[in-house]
Amino acid sequence: MAENYDALYILAGTYQSSIGNIAQLFHYLHPEMPIVLTPWARSPAILETAGDAIDHIILPSHYSPRHLDPALDSYFRRFSARFGYEPHSMTAGVRQALELLDQAFAKGYDTPETVKQYLLSTPTHQTSLGPVSFDKYGDVTAGKFFFIQNLRQELK
């Protein structure tokens, strides 16, 4: 890690707080170099472990920064108030999936096959955390990626 590098890309995800330790070590050896994480590393435990490296971390995200998205910010705040901890970003996707399932059930689709038909019948579905789109195979289309660079603000 002491060799010359232009950046560090950590290919790892949620639940691995050691990502923050690796970022910290790289930052110690290369204080001006950027550190790029995966979207799945949008986790308070990881970011809090990063120490001062947090100011050099770039976090690609399926969701916009919280300060730009009142619905996402409200969701994270409500979750934290109810359960006593800040959730990782995957909970937003789970929330959207459950909302879509609830929408399908409310319209009478109650088997795996009919729910899938319902989801594929409309290109884009609206959830409280934003739209979700599926391709013809039932895979979520990624849409726009955001590159969050002010993680101190994101953790507030």
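Colleague: Hi! Which helix is Thr-91 found in?

Modeller: Thr-91 sits in helix α4. Keep in mind that this is a predicted model.

Colleague: Got it. Is Thr-91 buried or exposed?

Modeller: Thr-91 counts as buried, because its relative accessibility is 15% and the cut-off for buried is under 20%.

Colleague: And what does Thr-91 touch?

Modeller: Leaving aside residues up to four places away in sequence, Thr-91 touches Tyr-75 and Phe-76.

Colleague: Let's look at helix α3, then. How many residues does α3 have, and how far does it reach?

Modeller: Helix α3 covers residues 70–83, which is 14 residues. From its first C-alpha to its last it reaches 20 Å, close to the 20 Å expected at 1.5 Å a residue.

Colleague: Which residues of α3 are buried?

Modeller: They are Leu-72, Asp-73, Tyr-75, Phe-76 and Phe-79. Looking down the axis of α3, you'd find these buried residues within an arc of 160°, so they line one face of the helix.

Colleague: What about the other side of α3?

Modeller: There you have Pro-70, Ala-81 and Arg-82, which are exposed.

Colleague: And what covers the buried residues of α3?

Modeller: Helix α4 is included in that cover. Remember Thr-91 in α4, with its contacts to Tyr-75 and Phe-76? Both of those partners are among the buried residues of α3.

Colleague: Nice, that ties together! New topic: at what angle do α4 and α5 pack?

Modeller: Helix α4 (residues 90–106) and helix α5 (residues 112–121) pack at about 105°, and their axes are 10 Å apart. That makes α4 roughly perpendicular to α5.

Colleague: Which residues meet there?

Modeller: From α4 you have Leu-100, Leu-101, Gln-103, Ala-104 and Phe-105, and from α5 they meet Val-115, Tyr-118 and Leu-119.

Colleague: How do the residues of that contact divide into nonpolar, polar and charged?

Modeller: Seven are nonpolar, one is polar and none is charged.

Colleague: Staying with α5, which of its residues are buried?

Modeller: Val-115, Tyr-118 and Leu-119 are buried in α5. Seen down the axis of α5, its buried residues fall within an arc of 95°, so they line one face of that helix.

Colleague: Which residues are exposed on the other side of α5?

Modeller: Glu-113, Gln-117 and Ser-121 are exposed over there.

Colleague: Last one: what covers the buried residues of α5?

Modeller: The cover includes α4, and also β4 (124–127). You've already met the α4 part, where Val-115, Tyr-118 and Leu-119 contact residues of α4.

Key. Residues numbered from 1 in each chain as written. Predicted model: local features only at pLDDT ≥ 70, side-chain atom pairs only at ≥ 80, totals over all residues. Heavy atoms only, no water. Axes fitted to C-alpha atoms, helices over the stretch in contact; angles between N-to-C directions. Helix = DSSP H or I, 4+ residues; strand = E, 2+ residues; numbered from the N terminus. Parallel < 35°, antiparallel > 145°, perpendicular 65-115°, else oblique. Contact = heavy atoms within 4.5 Å. Nonpolar A, V, L, I, M, F, W, Y, C, P; charged D, E, K, R; others polar. Buried < 20%, exposed > 50% of the residue type's maximum accessible area, 1.4 Å probe, protein only. Expected span 1.5 Å × (residues − 1). Arc of directions from axis to C-beta.
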